[in-house]
Amino acid sequence: MLSNGAVTAVIVIVIVAVVIILAVYIGSTYNSLVKNRNAVEEAFSTMDVYLKKRWDLIPNIVASVKGYAKHEAETLEKVIAARNGGYQALSDEEKLEANAELSRGLAAINALAERYPDLKANENFLNLNGQLQKTEEDIANARKFYNAVVKTYNNKVEMFPSSIIASMFKFARKQMFVVDDAAERQAVKVEF
């Protein structure tokens with residue numbers, strides 16, 4: 001039989017061991033959450049480069065279409081309206097929304113270009129559409145990577161027991177880059 005001093009020592013050792021294990025778990029979970037959050041931010045930044053590139057291509061495409069489709073001003077004005085504003089001043093969510101709007105506008109421009117054979121043969125327009133097609137492919141790949149990283153992060157934030165640490169340190173769920181409009185789900189056709 002153990003003496004009172006030995007029992008007390010065992011209890012203290014068990015308590016210290018539990019505290020150490022708990023501290024290591026909290027620390028490693030916190031670090032994992034930070035790592036995942038940083039991966040989400042990096043993935044968004046990578047995708048943002050392509051979104052910005054597409055954003056910057058829009059005025060050139062609209063300008064090349066204007067000369068051929070002067071009476072289609074309404075379609076072009078919608079695209080320009082979706083494009084207007086300072087891209088850098090937008091929040092991440094606003095960038096995603098603005099680019100969804102641009103996708104719808106680009107689909108309208110491509111439909112408009114189908115009605116103008118001379119426009120479809122214009123070298124500048126073809127070059128811009130080639131750049132746009134490459135950018136759209138880059139956006140699709142970046143979107144896949146971003147969503148995969150967000151899924152990993154959101155799982156960590158929402159799954160027990162890491163969700164406890166996430167809520168303690170105010171790690172919030174991140175928004176995926178989803179395509180929510182049926183027209184937008186169709187690939188932007190830019191081949192002529």
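Which residue does the side chain of Asp 138 meet in a salt bridge? In this predicted model, the partner is Lys 134, with an N to O distance of 2.8 Å. Both residues belong to helix α5, where a spacing of 4 residues places them about one turn of the helix apart. The two partners differ in their exposure: Asp 138 has a relative accessible area of 12% and is buried, whereas Lys 134, at 42%, is partly exposed. Because buried status requires a relative accessible area under 20%, the 12% of Asp 138 falls within that class, while the 42% of Lys 134 does not.

The chain that holds this pair contains 7 helices and 0 strands, and its order of elements from the N terminus is accordingly written α-α-α-α-α-α-α. Of its 192 residues, 35% count as buried. The chain exposes about 11,500 Å², of which carbon and sulfur atoms supply 58%. Among contacts with a separation of 6 or more, 80% are accounted for by residues 24 or more positions apart.

Salt bridges number 5 in the whole structure. Besides the bridge within helix α5, two others join distant parts of the chain, as follows. Asp 48 forms a salt bridge with Lys 95, and the closest N and O atoms of this pair are 3.1 Å apart. The connection runs from helix α1, which carries Asp 48, to helix α3 (residues 92-114), which carries Lys 95, across 47 residues of the chain. Asp 48 is buried at a relative accessible area of 14%, and Lys 95 is likewise buried, at 6%.

A further salt bridge brings together the side chains of Glu 136 and Arg 54, at 2.9 Å from N to O. Here helix α5 (residues 123-158) contributes Glu 136 and helix α1 contributes Arg 54, the two residues being 82 apart. Both Glu 136 and Arg 54 are buried. Arg 54 can also be placed relative to Lys 134, the residue of helix α5 introduced above: the C-alpha atoms of Lys 134 and Arg 54 are separated by 9.7 Å, although their positions lie 80 residues apart along the chain.

Another position in helix α1 is that of Thr 29. With a relative accessible area of 3%, Thr 29 is buried. When residues up to four places away in sequence are not counted, Thr 29 touches Lys 156, Ser 162 and Ile 165. Ser 162 and Ile 165 fall within the range of helix α6 (162-168), and Lys 156 falls within that of helix α5 (residues 123-158).

Aromatic residues form a second group of interactions. The structure holds 3 aromatic pairs. In one of them, Tyr 30 and Phe 171 adopt an edge-to-face arrangement, with 5.7 Å centre to centre and 75° between the planes. The pair links distant parts of the chain, since Tyr 30 lies in helix α1 (residues 4-66) and Phe 171 in the loop between α6 (162-168) and α7 (182-185), 141 residues apart. Tyr 30 is partly exposed at 31% relative accessibility, whereas Phe 171 is buried at 7%. Ring pairs also bring in Phe 169, so that Tyr 30, Phe 169 and Phe 171 are linked into a cluster. A ring is engaged in another manner at Phe 177, where the charged end of Arg 143 sits over the ring, 4.3 Å from its centre.

At the surface, a nonpolar patch is formed by Leu 2, Val 7, Val 10, Ile 11, Val 14, Ile 15, Val 18 and Val 19. Together these residues present about 690 Å² of accessible area. One of them, Ile 15, lies in helix α1 and is partly exposed, at 49% relative accessibility. Helix α1 thus carries Ile 15 of the surface patch as well as the buried Thr 29.

Notes. Residues numbered from 1 in each chain as written. Predicted model: local features only at pLDDT ≥ 70, side-chain atom pairs only at ≥ 80, totals over all residues. Heavy atoms only, no water. Phe/Tyr/Trp six-rings, centres within 6.5 Å; stacked < 30°, edge-to-face > 60°. Buried < 20%, exposed > 50% of the residue type's maximum accessible area, 1.4 Å probe, protein only. Lys NZ or Arg CZ within 6 Å of the ring centre and 35° of its normal. Contact = heavy atoms within 4.5 Å. Areas by Shrake-Rupley, 256 points an atom, 1.4 Å probe, with all protein chains shown as cover. Patch = residues over 30% accessible without salt bridge, like charges linked within 9 Å, V, L, I, M, F, W, Y side chains within 5 Å. Salt bridge = Lys/Arg side-chain N within 4 Å of Asp/Glu carboxyl O.
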